[in-house]
Amino acid sequence: MTVLDLPTAYWHEVVTRMELEQIAFPEFVTTVIIGGERVLPQIVQRWATLVGTTVRLLNTYGPTETTVAATCSDLTGHGVDKKVEGDLPIGRVIRGASVYVLDRQRQLVPVGVPGELYVGGRGVAQGYRGRPDLTEAKFIPDPFSNQDGARLYRTGDLVCWRPDGQL
């Protein structure tokens, strides 16, 4: 099993080059993990045309302040049977992380209602070195945790829960 973990922008370029230069994707690669920015639906559509379901495609989300990734969505097969449109999911929470969609009063919002994404769990940093002002603004005590010192990171990203449990 060979896994490629690529920045989304780089993966977009790989797909574009594959299409323009009629290059086949290497058969030994079984999984591609992308993350770092929003994945474009039209590129996922082109990927599906070029690769189909032979390679697993995982879309991850996780700001630097949460170590690596906090959510993951399996996009394998998106675009094979129908056109890919609109925003693609950033996924479900991964083990060891917690995510919350909160309103301006930091209250949980229901499915389908946009709010700011907050990330907690083992991977969340304690703050910014030498920047107590920024740390105070972006890292808050986790009101949903029973663990002493637990913190949430305010991502600033607007998301909503989908009926299927993904963000």
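This report describes strand 3 and its partners, the residue Gln166, and the cysteines of a predicted model.

## Basis of the model

Residues are numbered from 1 along each chain as its sequence is written, and side-chain values use heavy atoms, with hydrogens and water left out. Because the model is predicted, local features need pLDDT of at least 70 and side-chain atom pairs count only at pLDDT 80 or more, while totals for chains, interfaces and linings use all residues.

## Strand 3 and its partners

Helices (H or I, at least four residues) and strands (E, at least two) are DSSP runs, numbered from the N terminus. Of the 6 residues of strand 3 (residues 56-61), 5 are buried, that is, under 20% relative accessible area (exposed is over 50%, partly exposed in between; 1.4 Å probe, protein chains only).

Two strands pair if DSSP finds at least two bridges between them. Strand 2 (residues 29-35) runs parallel to strand 3, joined by 5 bridges, and Ile34 stands opposite Asn59. The connection from strand 2 to strand 3 passes through helix 2 (residues 41-51) as a right-handed β-α-β crossover; with the strands pointing away from the viewer, the path from the first strand over the helix to the second runs clockwise. Strand 4 (residues 71-74) is antiparallel to strand 3, with 4 bridges, and Ser73 is the bridge partner of Asn59 there.

## Gln166 and the cysteines

Gln166 lies in the segment after strand 9 (151-159) and is buried, at 9% relative accessible area. Beyond its neighbours within four places in sequence, its contacts (heavy atoms within 4.5 Å) include Ser73, Cys72 and Cys160.

The model has 0 disulfides, a disulfide being a pair of cysteine sulfur atoms within 2.5 Å. The sulfur of Cys72 is 18 Å from the closest cysteine sulfur, in Cys160, and therefore too far for a bond. Cys72 is partly exposed at 25% relative accessibility, as is Cys160 at 27%.
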